Amino acid sequence: MSSRATTITHMTMQLYPSWLAYIRRRPSQSWIIVDHLPNQPLPYVLEPGKIWTGTGLQTEDVSEMAKGRLYVELIHALAKTPIRCRVTVREKSSPKNEETPSHG
C-alpha cells in the first residue's frame, strides 16, 4: 500500500487467445469500460487507505469470454504498467433463505 494518492484513469478489458499472447501483451480484443458507479467516475483520485469500486455490465458474451483468458486492467498514475486481474464468473446460486422441499 502506498502512502501517496493516485489517480485511476482507465479501466479496460483484454481477451488473450493464448498464454504466449498474454505474456507478450498481445490481446485479440480490447475494450475500455466506461459504465462506472456515478459516485466514483474516472478519472478518480484514490486517497491512501481508501477503496475504489469499478463496475461493468456482465453480459453473456463476457461470461463466455471469461472461460478463456479475459483480464481487467486498471491504469493509474503511480505505475508504468497497469494492475491486471483475471476475470472469473461465479455460477448463480440459489437464495440461502429458500426452503428445500421435503421428499417424503
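A pocket here is an open set of grid points where a 1.4 Å probe fits, with protein on both sides within 12 Å along at least five of seven lines. The model is a predicted one, and by that definition its second largest pocket comes out at about 280 Å³. Lining this pocket are Q58, E60, S63, E64, A66, K67, V87, T88, V89, R90, E91 and K92. Sorted by class, that makes six charged residues, three polar and three nonpolar.

The largest pocket holds about 520 Å³ of space. Its lining runs to 23 residues, and M13, I33, G56, L57 and V72 sit closest to the centre. Two or more lining residues come from each of β1, β2 (29-32), α2, β4 and β5 (83-86). As for chemistry, the lining of the largest pocket splits into 14 nonpolar, six polar and three charged residues.

Now for the fold as a whole. The chain has two helices and five strands, laid out along the sequence as β-α-β-β-α-β-β. Of its 104 residues, 23% count as buried. Take the contacts with a separation of 6 or more, and 54% of them link residues 24 or more positions apart. The chain exposes about 8,300 Å², with carbon and sulfur atoms supplying 53% of that area.

What makes up the largest nonpolar core? It is a set of 12 residues: I8, M11, M13, L15, I33, L46, W52, V62, M65, A66, L70 and V87. Two elements, β1 (6-16) and α2 (60-65), give two or more residues to this core, and β1 gives the most, with four. Some of these names turn up in the pockets too: M13 is among the residues closest to the centre of the largest one, while A66 and V87 help line the second largest. I8, another core member, touches L42, P43, Y44, L46, W52, L74, I75 and H76, leaving aside residues up to four places away in sequence.

Y71 is worth a look of its own. This tyrosine lies in strand β4 (residues 69-76). Is Y71 buried or exposed? Y71 counts as buried because its relative accessible area is 6%, and the cut-off for buried is under 20%. Beyond residues up to four places away in sequence, Y71 touches T12, M13, Q14, Y16, Y22, R84, C85, R86 and V87. One of these partners, Y16, is 55 residues from Y71 in sequence, yet the C-alpha atoms of the two are 8.2 Å apart in space.

Conventions:
Residues numbered from 1 in each chain as written. Predicted model: local features only at pLDDT ≥ 70, side-chain atom pairs only at ≥ 80, totals over all residues. Heavy atoms only, no water. Buried < 20%, exposed > 50% of the residue type's maximum accessible area, 1.4 Å probe, protein only. Contact = heavy atoms within 4.5 Å. Core = buried A, V, L, I, M, F, W, Y, C linked by side-chain atoms within 4.5 Å. 1 Å grid on protein atoms, 1.4 Å probe; cavity = no way out; pocket = protein on both sides within 12 Å on 5 of 7 lines; lining within 4 Å. Points joined across faces, edges and corners; volume = space filled by probe spheres on them. Nonpolar A, V, L, I, M, F, W, Y, C, P; charged D, E, K, R; others polar. Areas by Shrake-Rupley, 256 points an atom, 1.4 Å probe, with all protein chains shown as cover.
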